[in-house]
Amino acid sequence: MSSRWRAERGLRGALPWALAGCGSWNKPGATPDQLEADKAACGAEAAKAWPPRPMAAPTWPTEADRKCTDIYGQGPCAPLVQPPGTSTDLNAGARSAAFDRCLQSRGYRFSSG
């Protein structure tokens with residue numbers, strides 16, 4: 001695990017595009033240690049403002065799935081199947097945006113590539 005991911009673990013599973021390895025945060029004159037400290041602080045701030053809010057996926061297939069027909073009425077369609085235990089974090093996007101805004105407020109800019 002890279003130090004970048006350890007510093008951002010306060011985001012608790014959010015994978016914003018900025019953290020997904022598509023570029024980097026830069027600030028003129030900032031040292032790598034300062035960047036890591038600012039990322040950790042922003043990650044903690046974002047996690048505090050937008051804590052994980054898991055929502056479990058519904059049980060599949062539903063009654064409607066069991067009685068479905070394909071779009072042309074040719075016969076039954078395959079029911080949707082959701083893996084058991086699947087959930088999503090409803091605050092992940094807001095937490096990611098808060099993290100980005102925090103770094104930007106500290107003078108960082110994200111550059112892709």
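Which residue does a disulfide join to C42? In this model, which is a predicted one, the partner is C102, and the two sulfur atoms sit 2.1 Å apart. A search over the whole structure returns one disulfide, and C42 lies in helix α2, residues 32–49, while C102 lies in helix α4, residues 92–105, so the bond ties together parts of the chain that are 60 residues apart in sequence. The torsion about the S-S bond is about -70°, so this disulfide is left-handed. Both C42 and C102 are buried, whereas another cysteine, C22, is partly exposed, with a relative accessible area of 42%.

Before going further, a word on confidence. The chain has a mean pLDDT of 76, and 57% of its residues reach 70 or more. Helix α2, which carries one end of the disulfide, has the highest confidence in the chain, at 97, while the lowest is found in helix α1, residues 3–7, with a mean of 37. Over residues 1–19 the pLDDT stays under 50, and for that stretch the model has 38 contacts beyond four places in sequence. Where pLDDT is low, the predicted coordinates should not be read in detail, and I will leave that stretch aside.

Let me turn to α4. This helix has 14 residues, and from its first C-alpha to its last it reaches 20 Å, close to the 20 Å expected at 1.5 Å a residue. Its buried residues are A92, R95, S96, A98, F99, D100, C102 and L103, and what covers them includes β1, α2 and β3, the last of these being residues 87–89. After the helix comes G107, whose phi is positive, near 95°.

Now to the charged pairs, of which the search of the whole structure finds two that count as salt bridges. In one of them, R106 pairs with D38, the closest N and O atoms being 2.8 Å apart. R106 lies in the loop between α4 and β4 and D38 in helix α2, so this pair ties together parts that are 68 residues apart in sequence. R106 counts as partly exposed, at 29% relative accessibility, whereas D38 is buried, at 10%. In the other, the side chains of R95 and D89 meet at 2.3 Å, N to O. Is R95 buried or exposed? With a relative accessible area of 0%, R95 is buried, while its partner D89 is partly exposed, at 22%.

The aromatic count comes to one pair. The rings of W25 and F110 have their centres 5.3 Å apart and their planes at 70°, so the arrangement is edge-to-face. This pair, too, links distant parts of the chain, since W25 is in strand β1, residues 23–26, and F110 is in strand β4, residues 109–112, which puts them 85 residues apart. Both W25 and F110 are buried.

I will finish with L90, found in the loop between β3 and α4. L90 is partly exposed, with a relative accessible area of 41%, and, not counting residues up to four places away in sequence, it touches R53 and M55. The C-alpha atoms of L90 and W50 are separated by 9.4 Å, although these two residues stand 40 apart along the chain.

Conventions
Residues are numbered from 1 along each chain as its sequence is written. This is a predicted model: local features need pLDDT of at least 70, side-chain atom pairs count only at pLDDT 80 or more; totals for chains, interfaces and linings use all residues. Side-chain values use heavy atoms; hydrogens and water are left out. A disulfide is a pair of cysteine sulfur atoms within 2.5 Å. Helices (H or I, at least four residues) and strands (E, at least two) are DSSP runs, numbered from the N terminus. Buried means under 20% relative accessible area, exposed over 50%, partly exposed in between (1.4 Å probe, protein chains only). Rings of Phe, Tyr and Trp (its six-membered ring) pair if their centres lie within 6.5 Å; planes under 30 degrees apart count as stacked, over 60 as edge-to-face and the rest as tilted. The expected span of a helix is 1.5 Å times one less than its number of residues. Contact means heavy atoms within 4.5 Å. pLDDT is the predictor's confidence in each residue, from 0 to 100. A salt bridge is a side-chain nitrogen of Lys or Arg within 4 Å of a carboxyl oxygen of Asp or Glu.
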